[in-house]
Amino acid sequence: KVDCKNLFGEFYVYLSCLDLCLNSTCPLEHNRLLYDSCPGQLPDRVYTLADSSHLTFLQRSKTGGYQQEYFQCGNGKCIEYHQMCDLIDDCGDLSDEINCTNHMICEDTMNSKKQLISLSQRCDGIFDCFDLSDECNANCGKQILHSWVLKILCWTMGVMAILFNTFTVYIGMISLGKVRTDSMLTSKALCTLISCGDLLIGVYLIVLSIFDSIVYEERFCRHQ
């Protein structure tokens with residue numbers, strides 16, 4: 001068997017129905033055409049008995065033979081096999097694509113319709129779907145912090161930086177009024193400034209963790 005995710009149209013239909021595709025089912029499995037199928041289409045049909053059970057029809061091909069390579073959509077319209085599983089809603093109700101496994105369906109937010117893209121376009125780093133679902137999903141969705149190790153380190157270091165440096169700044173501010181020499185005053189002031197910088201880094205880490213774990217969670221991919 002072969003991987004048919006990059007095959008479309010009649011190639012996909014024939015291979016999948018011959019059970020030669022991996023993880024694919026035949027989209028023609030429930031396509032049973034009767035003599036009165038495809039109303040208003042194919043006027044030159046020739047009627048014949050199929051499987052000694054039901055009356056169907058054949059259509060004369062360009063080569064002179066007779067064939068029946070048509071799929072009846074859910075709305076009654078009939079299309080040819082090459083129009084199936086081709087990422088285009090030829091039926092108008094998606095029935096020619098819904099049973100195919102070579103695509104991903106996403107929402108076309110521009111036209112309030114379904115959008116079809118090939119599986120190779122999913123998680124490729126390029127937004128092909130208008131609703132961004134091809135890149136923002138459980139398989140390839142992006143977060144601010146990608147691993148649990150980074151999340152834990154960010155929370156831990158942020159909390160510790162805020163606690164220790166708040167205490168250090170408080171002690172430093174008190175001790176500034178008690179120093180007697182200029183050199184000691186300069187030393188205390190520099191230590192206090194460094195602690196203030198570390199305190200701001202701790203605040204930044206906590207804010208980053210809050211946006212990652214609480215505000216955006218899995219939705220960061222759609223807001224980046």
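## A salt bridge, two cores and a surface patch

The side chains of D19 and K1 meet in a salt bridge, with 3.2 Å from N to O; the term asks for a side-chain nitrogen of Lys or Arg within 4 Å of a carboxyl oxygen of Asp or Glu. This pair joins distant parts of the chain, 18 residues apart: K1 sits in the segment before α1 (9–17), and D19 in the loop between α1 and β1 (46–50). The structure holds one salt bridge.

Please keep in mind that this is a predicted model, where local features need pLDDT of at least 70, side-chain atom pairs count only at pLDDT 80 or more, and totals for chains, interfaces and linings use all residues. Residues are numbered from 1 along each chain as its sequence is written, and side-chain values use heavy atoms, leaving out hydrogens and water.

Here is how accessible three residues are; buried means under 20% relative accessible area, exposed over 50%, and partly exposed in between (1.4 Å probe, protein chains only).

| Residue | Relative accessible area | Class |
|---|---|---|
| D19 | 44% | partly exposed |
| K1 | 62% | exposed |
| V203 | 37% | partly exposed |

Now to the inside. The largest nonpolar core (buried Ala, Val, Leu, Ile, Met, Phe, Trp, Tyr and Cys residues joined through side-chain atoms within 4.5 Å) has 13 residues, and L28, F71, I79 and M84 have the most contacts inside it. Apart from this core lies another, of six residues, including C38, L42, F57 and C78.

Definitions and conventions
Helices (H or I, at least four residues) and strands (E, at least two) are DSSP runs, numbered from the N terminus.
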